[in-house]
Amino acid sequence: MSVRERMVRRLNGLGTLVICTDLAELQAMIGPPASSRPARLSTSAAVPTPAAAAPAVTAGRTSLGDLTIDPLGHLVTWRGQPLALTRLERRLLTQLAAAPLGVWTYERLFESVWGCAYLGDTSILHSAVKRLRRKLRAADDTLRVHTVRGIGYRLSVG
């Protein structure tokens, strides 16, 4: 059974269901996506990030400790060494490193990285984070993506 069929069954009787062929069609119907800023959570599961670790943004680049992300140059470096990340992994890491640092919910990550709504299936997000973690761990063990169970992810350096 496809994701689309599962969603139709899950939402049956709840109101109007719109199924589009692609994201451009949906955006034309409902308008531009909401802001891609992360939601700050005040739950006990969210560990606050120290103010000293706030990312610095200069000329489109984001720096967080020894991590530098250049979205325009499609380059991510750790301690001056480029990391071999896919486009999706770069976009995911860029969002996680964006100010203000904190927990990024599944919904916000789907919206900002994939440009679509979160439909309850996190497998694509989990596998992307798993690949990103593997590559970050190969570079250095101090750069980590932490899971905030049932909520989302956060990035830490150090």
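This is a guided tour of a predicted model, moving from a set of paired strands to one arginine and then to the helices.

**The strands**

Begin by selecting residues 67–70, which form strand 3, together with strand 4; these two strands pair in the antiparallel sense over 4 bridges. Within this pairing, look for Thr 68, whose bridge partner in strand 4 is Thr 77. The two strands form a hairpin with 4 residues between them, and in the turn you will find His 74, which has a positive phi of about 55 degrees.

Next, extend the selection to strand 5, which runs antiparallel to strand 4 and is joined to it by 2 bridges. Here Trp 78 stands opposite Gln 81 of strand 5. Strand 4 and strand 5 also form a hairpin, this one with 2 residues between the strands, and Arg 79 takes a positive phi near 55 degrees in it.

**Arg 79**

Now select Arg 79 alone, in the loop between strand 4 (75–78) and strand 5 (81–82), and display its surroundings. Leaving aside residues up to four places away in sequence, Arg 79 touches Asp 66, Asp 140 and Thr 142. Asp 66 lies 13 residues from Arg 79 along the chain, yet the C-alpha atoms of the two are separated by 4.9 Å. With Asp 140 the link is between side chains, where Arg 79 makes a polar contact at 2.5 Å.

**Helix 3 against helix 5**

Move on to residues 87–96, which are helix 3, and residues 123–139, which are helix 5; the two pack at an angle of about 85 degrees with their axes 10 Å apart. Because of that angle, helix 3 is roughly perpendicular to helix 5. To see the contact, show Leu 88, Glu 89, Leu 92, Leu 93 and Leu 96 on helix 3, which meet Leu 125, Ala 128, Val 129, Arg 131, Leu 132, Lys 135 and Leu 136 on helix 5. Coloured by class, this contact has 9 nonpolar and 3 charged residues, with no polar ones.

**Helix 4 against helix 5**

Keep helix 5 displayed and add helix 4 (residues 106–114), whose axis comes within 11 Å of the axis of helix 5 and crosses it at roughly 75 degrees. Helix 4 is therefore also roughly perpendicular to helix 5. Which residues make the contact? On helix 4 they are Tyr 106, Leu 109, Phe 110 and Trp 114, and on helix 5 they are Ile 124, Leu 125, His 126 and Ala 128. By class, these residues divide into 7 nonpolar and 1 polar, with no charged residue.

Terms used: Residues numbered from 1 in each chain as written. Predicted model: local features only at pLDDT ≥ 70, side-chain atom pairs only at ≥ 80, totals over all residues. Heavy atoms only, no water. Axes fitted to C-alpha atoms, helices over the stretch in contact; angles between N-to-C directions. Parallel < 35°, antiparallel > 145°, perpendicular 65-115°, else oblique. Contact = heavy atoms within 4.5 Å. Nonpolar A, V, L, I, M, F, W, Y, C, P; charged D, E, K, R; others polar. Polar contact = N/O pair within 3.5 Å; in protein donor to acceptor, adjacent residues only side chain to side chain. Pairing = 2+ DSSP bridges.
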